[in-house]
Amino acid sequence: MKKITLIVLLALSWQVSARTFETSDFKRNELKIDVAWLIFEPAMKVEYERFLNKSSSFGAVGFLGFSSADDNLFEQQLLGTYRLYFGKNPMQGFFFEGHLGVTSGVYQHRLSDGFWSETEDRSYTAFGFGIALGWKWCIPKQGIVFDLFYGGGRLIHNDAGFYPRFGFCLGKRF
């Protein structure tokens, strides 16, 4: 386990210290809205991404659910992301993402003493971490980007468990 952790940390530090942009014609920022959450759930997810070099970036994700707590897996979420890109073209193609964040919501806690059973809603705020895999397309002249990704994460909380990380984002590179 220690060897795997060391290898991952070395790879990440190599990517962060990799060459920077030689020219200033690359746009380093992206602002995206996740249309999958808008269509399938009454929720809004906004993502910001800042490129460190042609193959890696840091980002922030904000999620806000608009429906009742019973309908959502979580109500609010704030994530910090790090992505590594493996495509032929700079800042697009296949990517691997690691993320850390804070999630809050409501879960149902079951109370039982053997004869009777009932559930009660309990609110939580928990830290979490996870991964995602995806693909990014870009139309460079217009600066329009499309992200398609899927993954998940684990909350460090006894009863909250797993959370999904998926989406189809549309945005603008500037």
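Two strands are taken as paired if DSSP finds at least two bridges between them. With that rule in mind, the tour of this predicted model can start at the barrel.

**The barrel**

Display the strands as a cartoon and follow the order E1-E2-E3-E4-E5-E6-E7-E8: these eight strands form a closed barrel with antiparallel pairing. From one strand to the next, the twist averages 25 degrees.

**From E4 to E7**

Select residues 76-85, which are strand E4, together with residues 93-112, which are strand E5; 10 bridges pair them in the antiparallel sense. Within this pairing, pick Leu79 and look across to Gly101, its bridge partner in E5.

Next add residues 117-139, strand E6, which runs antiparallel to E5 and is joined to E5 by 20 bridges. Here Leu111 has Glu118 in E6 as its bridge partner. Between the two strands lie the four residues of the hairpin, where Gly114 takes a positive phi near 105 degrees.

Continue to residues 144-155, strand E7, which is antiparallel to E6 and joined to E6 through 12 bridges. Select Cys138 and then Val145 in E7, which stands opposite Cys138. The side of Cys138 is worth checking with a surface display: its relative accessible area is 13%, so Cys138 counts as buried.

**The nonpolar cores**

Now show side chains for Trp37, Ala43, Val61, Phe63, Phe74, Leu79, Tyr107, Tyr124, Ala126, Leu155 and Tyr163; these 11 residues make up the largest nonpolar core. At least two residues of this core come from strand E3 (56-65), and at least two from E6. Leu79, already selected for its bridge to Gly101, belongs to this core as well.

Centre the view on Ala43. Leaving aside residues up to four places away in sequence, Ala43 touches Trp37, Leu38, Phe63, Leu64, Gly65 and Phe66. A second, separate core has six residues, among them Tyr85, Met91, Phe149 and Cys169. Cys169 is buried, with a relative accessible area of 0%. In soluble globular proteins, nonpolar side chains tend to be buried together.

With two cysteines now in view, how many disulfides are there? The count comes to zero, the criterion being cysteine sulfur atoms within 2.5 Å.

**Gly62 in strand E3**

Move to Gly62, which is placed in strand E3. Is Gly62 buried or exposed? Gly62 is partly exposed, because its relative accessible area of 28% falls between the limits of 20% and 50%. Its contacts, not counting residues up to four places away in sequence, are Met44, Lys45, Val46, Gln77 and Leu78. Draw a distance from Gly62 to Gly101: the two are 39 residues apart in sequence, and their C-alpha atoms are 9.9 Å apart.

**Aromatic rings**

Finally, display the aromatic side chains; the structure holds eight aromatic pairs. One of them joins Phe86 and Phe94, a tilted pair with 6.1 Å centre to centre and 35 degrees between the planes. Phe86 is exposed at a relative accessible area of 52%, whereas Phe94 is partly exposed at 34%.

Trp135 and Trp137 give another tilted pair, with ring centres 6.5 Å apart and planes at 50 degrees. Trp135 is partly exposed at 39% relative accessibility, and Trp137 is likewise partly exposed at 39%.

The last selection is Trp37, Phe63 and Phe166, which form one aromatic cluster. Trp37 and Phe63 were met before, as members of the largest nonpolar core and as contacts of Ala43.

Technical notes:
Residues are numbered from 1 along each chain as its sequence is written. This is a predicted model: local features need pLDDT of at least 70, side-chain atom pairs count only at pLDDT 80 or more; totals for chains, interfaces and linings use all residues. Side-chain values use heavy atoms; hydrogens and water are left out. Axes are lines fitted to C-alpha atoms, for helices over the stretch in contact, and angles run from 0 to 180 degrees between N-to-C directions. A nonpolar core is a set of buried Ala, Val, Leu, Ile, Met, Phe, Trp, Tyr and Cys residues joined through side-chain atoms within 4.5 Å. Buried means under 20% relative accessible area, exposed over 50%, partly exposed in between (1.4 Å probe, protein chains only). Contact means heavy atoms within 4.5 Å. Rings of Phe, Tyr and Trp (its six-membered ring) pair if their centres lie within 6.5 Å; planes under 30 degrees apart count as stacked, over 60 as edge-to-face and the rest as tilted.
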